[in-house]
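Here is a short set of exercises to work through with the model open beside you. Try each task before reading its solution.

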Amino acid sequence: MTDTVPTAAATTVASDPTLAFVFPGQGSQSLGMLAGLAADDAGIAETFAEASDGAGVDLWALSQQGPEEDLDRTEFTQPALLAAGVAVWRLWNARGGVRPARLAGHSLGEYTALVASGALSLTEAARLVRLRGQLMQAAAPAGTGGMAAVLGAEEALVVEVCEAVSTASAVVVPANFNSPGQVVIGGHAGAVDAALVMLAERGVRKAVKLAVSVPSHTPLMREAADRLAAAMDGIAWSAPSLPVVQNVDAQVHENIDAIRDALVRQLYLPVQWTGCVQALAAAGATRIAECGPGKVLTGLAKRIDKALDARALGTPVDFAGALAEWK
C-alpha cells in the first residue's frame, strides 16, 4: 500500500485550515493497539509490514502479541508507533477524510508527521527511528538517567529549580513543556531526585517519577544527536507537502536542512509541545486529530486550549465519529 501524500495528485487536494493532525510519541504504545481498525482494513497491517522492512523487526506481531517488555524497548517502541501513526493517517486519506492544513508530532511523533507530509519514506523513517532509539539507550545506560512529570507548577519555578540543583557532572532540565501545569524534567538520576526534593520544598505537591531509563530531550542525548545527524545524511529527503510544526521551537521549517537540524536539536533540547499546539491554533486550527493509538495528545490539547475540538482516531468508534462529523 503506498502513501497517498507525496503523490502529485494528493498535493492538489485542498486543505482545511481549521484542521490539524498530531502524532503521538513514546508512552502511547500498548499491546493490541489499532487491532480494531485493522480488523476492518488490511491497510493497517500492510503499513506495519512496510515499516517492518525498514526497522528489521515484525512490528505488527510485536504490537499485537508482544512480549510487552520488547514493545516498551525504546528501539522497538519508536518504529512501532511510527507505523501506527502512518497507518491511521493512510486510513483517514483512503476513507476520504478532510485534509488537514498542518501537522505536528510529539517527540518521536514528529518523524511520523514528516512521513505523512511526504518529507521521507516510511521505510527510511522506520530504519532511522530504530537507530534513534538504539543511540538514545546507548547514550544513557540503565541507571544513569531519569525523568519525572511535575504537575501543577509554574514553568518558571521548574526552570529555576533545575538550574539550582544542576552541577557540571549532574544535570537536570525541563524536557517536555507538555501543557500548562505539566512539565517533564529529565537528566542524571540523582539530579532529578534532588530537583523533586527542592520542588516539594517550594510547595509543589505532585510529581511522578516516570518508568523510563532514557532521559530524552536533555543534554545527556547530545552524543546520540550527533550520531543521528550523521545517519540522516544517507536518507533521501523531499520538501513536505504539508507544513509540520516542529518541537524544538514550535516553528514550521521549509528548508530540508532546517528540518533536519530541528530534528537533531529536538533530541537534546526540550519539546515545546504547548507552543506547538498554540502555533496550530494561531494558524487557524480549531480541530485537532490525534493520529495513532491512545489519547495522550488529545488530553493535552484540551488543557492547552479549551476551545479546541480535540479527538483521537485510534479506535473504530472514534475514527468513524470524526470521519462522519468533520466534513
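**Exercise 1.** Leaving aside its neighbours within four places in sequence, which residues is Phe21 in contact with?

*Solution.* A word on the model comes first. This is a predicted model, in which local features need pLDDT of at least 70 and side-chain atom pairs count only at pLDDT 80 or more, while totals for chains, interfaces and linings use all residues. Residues are numbered from 1 along each chain as its sequence is written, and side-chain values use heavy atoms, with hydrogens and water left out.

Step 1: take contact as heavy atoms within 4.5 Å. Step 2: skip the neighbours within four places in sequence, and Phe21 is found touching Trp89, Trp92, Pro100, Arg102, Leu103, Ala104, Ala289, Cys291 and Leu313. Step 3: put Phe21 in its setting. A nonpolar core is a set of buried Ala, Val, Leu, Ile, Met, Phe, Trp, Tyr and Cys residues joined through side-chain atoms within 4.5 Å; buried means under 20% relative accessible area, exposed over 50%, and partly exposed in between (1.4 Å probe, protein chains only). The largest such core has 67 residues, and Phe21, Leu103 and Tyr111 touch the most other members. Helix H5 (residues 74–94) gives the most to this core, with 12 residues. Helices (H or I, at least four residues) and strands (E, at least two) are DSSP runs, numbered from the N terminus.

**Exercise 2.** Work out the strand order of the six-stranded open sheet, and say which strands stand at its edges.

*Solution.* Step 1: count two strands as paired if DSSP finds at least two bridges between them. Step 2: read off the order, S8-S7-S2-S1-S9-S10, with mixed pairing. Step 3: S8 (251–252) and S10 (309–312) are the edge strands; each has a single partner strand, so one side of each is left without a neighbour in the sheet. Step 4: add the helix. H6 (residues 109–116) packs on this sheet, touching S1 (15–23), S2 (99–105) and S7 (244–246), and its direction makes about 150 degrees with that of S2. Such angles run from 0 to 180 degrees between N-to-C directions, with axes as lines fitted to C-alpha atoms, for helices over the stretch in contact.

**Exercise 3.** Follow strand S9: which strands does it pair with, and where do its side chains point?

*Solution.* Step 1: S9 (residues 287–290) runs parallel to S10, joined by four bridges. S1 and S9 also pair in the parallel sense, again over four bridges. Step 2: find some partners. Ala289 has Arg311 of S10 as its bridge partner, Ile288 stands opposite Ala310, and Val22 is matched with Glu290 in S9. Step 3: check the side chains. Arg287 and Ala289 point one way from S9 and Ile288 and Glu290 the other way, and all are buried. In S10, Ala310 and Ala312 point to one face and are buried, while Asp309 and Arg311 point to the other and are not.

**Exercise 4.** Describe the four-stranded open sheet and the helices that pack on it.

*Solution.* Step 1: the order is S4-S5-S3-S6, with antiparallel pairing. Step 2: S4 (172–179) and S6 (206–209) are the edge strands, each pairing on one side only. The twist averages 25 degrees from one strand to the next. Step 3: S4 and S5 (residues 182–188) are joined by six bridges, and Phe177 stands opposite Val183 in S5. Step 4: H8 (residues 155–165) touches S3 (145–151), S4 and S5, its direction making about 165 degrees with that of S4. H9 (residues 189–201) touches S3, S4, S5 and S6, at about 140 degrees to the direction of S5.

**Exercise 5.** How many disulfides does a search of the whole structure find, and why are Cys162 and Cys276 not bonded to their closest cysteines?

*Solution.* Step 1: look for pairs of cysteine sulfur atoms within 2.5 Å; the search finds zero disulfides. Step 2: for Cys162, the closest cysteine sulfur is in Cys276, 20 Å away and too far for a bond. Step 3: for Cys276, the closest is in Cys291, at 16 Å, also too far. Step 4: Cys162 is buried at 2% relative accessible area, and Cys276 is buried at 0%.
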